Amino acid sequence: MADVASKALQAKEKAEATTPAEQTRPGLVFTPAVDIFETDKELTLLADMPGVKAEYLNIDLRDNVLTLDGEAQSPEGPGETDVVREYRIGNYYRQFNLSQVIDQTKIDAELKDGVLRLRLPKVEAAKPRKIAVKG
Amino acid sequence: MLLRRVSDWPRWGWTNPLEELERMKRELSQGFGRGLWREPTAGVFPLMNVTEDKDNYYVRAELPGLNADDLDLSVTGDTLSISGERKLPAEDENAQYHRREREAGRFSRVVTLPAQVATDKVQAQFTDGVLTVTLPIAESVKPKQITVKVA
């Protein structure tokens, strides 16, 4: 994986979210970049949400729809004026349909350095089980 | 690895007419309260916002998932260099990916500030995936009040 690690990063403009629901809050809304992967036991979601503090992040799961809603707080002080502005600060919003049956009581979320790590364990019934066939 | 100097920032001593025009355009747009919006240039990472107040320049960049150890910052005169690597830790090898949008890789960027900074007083802070570099403007370039003595 050495070639992957040494790849030069390219800046991408944050993608503005196209939410099905109308916005009632002021400000811009972006779609966070995510990684989603699955193992036998759980589904893991990683989302880049720089500038969002844990208390401003809402995670909601109902009817198999997972909603991430984070509000980024501007780190800029009141007395600062712009010199150059290349990126915009706003909120993050994204919804996912979960096909797997998730054990809602065991969901675990961690927000560290602007990255959300959400563990969604599958319910026992949904985990593949090996069935021993007696001869 | 990419190395690019942001040469179109306002800088004293430059008399490129096109640059001057750009500067005027920026000042105009600022006058209309829209701030300075610069289209991100291709091949540059990370994107940066630069602000200033009376005493400092503030350079900010969104670098989610990075640690302070992954970053290399240096300052000389009016130039700030940022380089580093974004690593995404390897997950379970049996993991089956549904989406993979986050990217890893190396980056390097050099920015020129509008004036000299006090290089020994530069501070950097990393909060919630946002890097803030505070660069105090050098005393020698700050405007000074001159009192006129009455003879």
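I take two strands as paired if DSSP finds at least two bridges between them. The model is a predicted one.

**Entry 1: chain A, overview**

I began with the secondary structure of chain A, which comes to one helix and nine strands. Read from the N terminus, the helix precedes the strands: the order is α-β-β-β-β-β-β-β-β-β. Chain A has 135 residues, and 29% of them count as buried. I then looked up its contacts between residues at least 6 apart in sequence; 55% of these join residues at least 24 apart.

**Entry 2: strand β7 of chain A**

I looked up the partners of β7(A), residues 91–97. Strand β5 of chain A, residues 65–72, is joined to β7(A) by seven bridges and runs antiparallel to it. In this pair I found A:Thr67 opposite A:Gln95 of β7(A). Strand β1 of chain A, residues 29–30, runs parallel to β7(A), with two bridges between them. There A:Val29 has A:Asn91 as its bridge partner.

**Entry 3: the sheet that ends in β6(B)**

Next I followed an open sheet of five strands, in the order β8(A)-β9(A)-β3(A)-β2(A)-β6(B), with antiparallel pairing. Its edges are β8 (108–112) of chain A and β6 (96–100) of chain B; each has a single partner strand, so one side of each is left without a neighbour in the sheet. From one strand to the next the twist averages 10 degrees.

Within this sheet I checked β2(A), residues 34–38, against β3(A), residues 42–48: five bridges join them, and they run antiparallel. A:Val34 has A:Ala47 in β3(A) as its bridge partner. The step across the chains is from β2(A) to β6(B), antiparallel over four bridges. Here A:Phe37 stands opposite B:Tyr97.

**Entry 4: the sheet that begins with β6(A)**

I noted another open sheet of five strands, ordered β6(A)-β2(B)-β3(B)-β9(B)-β8(B) and antiparallel in its pairing. The edge strands are β6 (81–85) of chain A and β8 (123–127) of chain B, each paired on one side only. The twist averages 20 degrees from one strand to the next. Inside the sheet, β3(B) (56–62) and β9(B) (130–136) pair antiparallel over seven bridges. B:Tyr58 stands opposite B:Thr134 of β9(B).

**Entry 5: the contact between the chains**

I looked up the chain contacts and found 50 residues of chain B in contact with 38 residues of chain A. On the chain B side, β2 (48–52), β3, β6, β7 (105–112) and β9 each supply at least two residues. By class, that side has 22 nonpolar, 12 polar and 16 charged residues.

**Entry 6: nonpolar cores**

Which residues touch the most other members of the largest nonpolar core? I found B:Tyr57, B:Val59, B:Leu80 and B:Leu135, in a core of 25 residues. β6 of chain A gives two or more residues to this core, as do β2, β3, β5 (79–86), β7 and β9 of chain B. The largest share, four residues, comes from β9(B).

I then listed the contacts of B:Leu135, leaving aside neighbours within four places in sequence; among them are B:Tyr57, B:Val59 and B:Leu80. The list also includes B:Asn56, B:Val75, B:Leu113, B:Val117 and B:Val122.

A second, separate core has 20 residues, including A:Leu43, A:Ala47, A:Met49 and A:Val52. I had already met A:Ala47 as the bridge partner of A:Val34.

Technical notes:
Residues numbered from 1 in each chain as written. Chains lettered and ligands numbered in written order. Predicted model: local features only at pLDDT ≥ 70, side-chain atom pairs only at ≥ 80, totals over all residues. Axes fitted to C-alpha atoms, helices over the stretch in contact; angles between N-to-C directions. Buried ≥ 20, exposed ≤ 12 C-beta atoms within 10 Å, placed from the backbone. Contact = placed C-beta atoms within 7 Å. Nonpolar A, V, L, I, M, F, W, Y, C, P; charged D, E, K, R; others polar. Core = buried A, V, L, I, M, F, W, Y, C linked by C-beta atoms within 7 Å.
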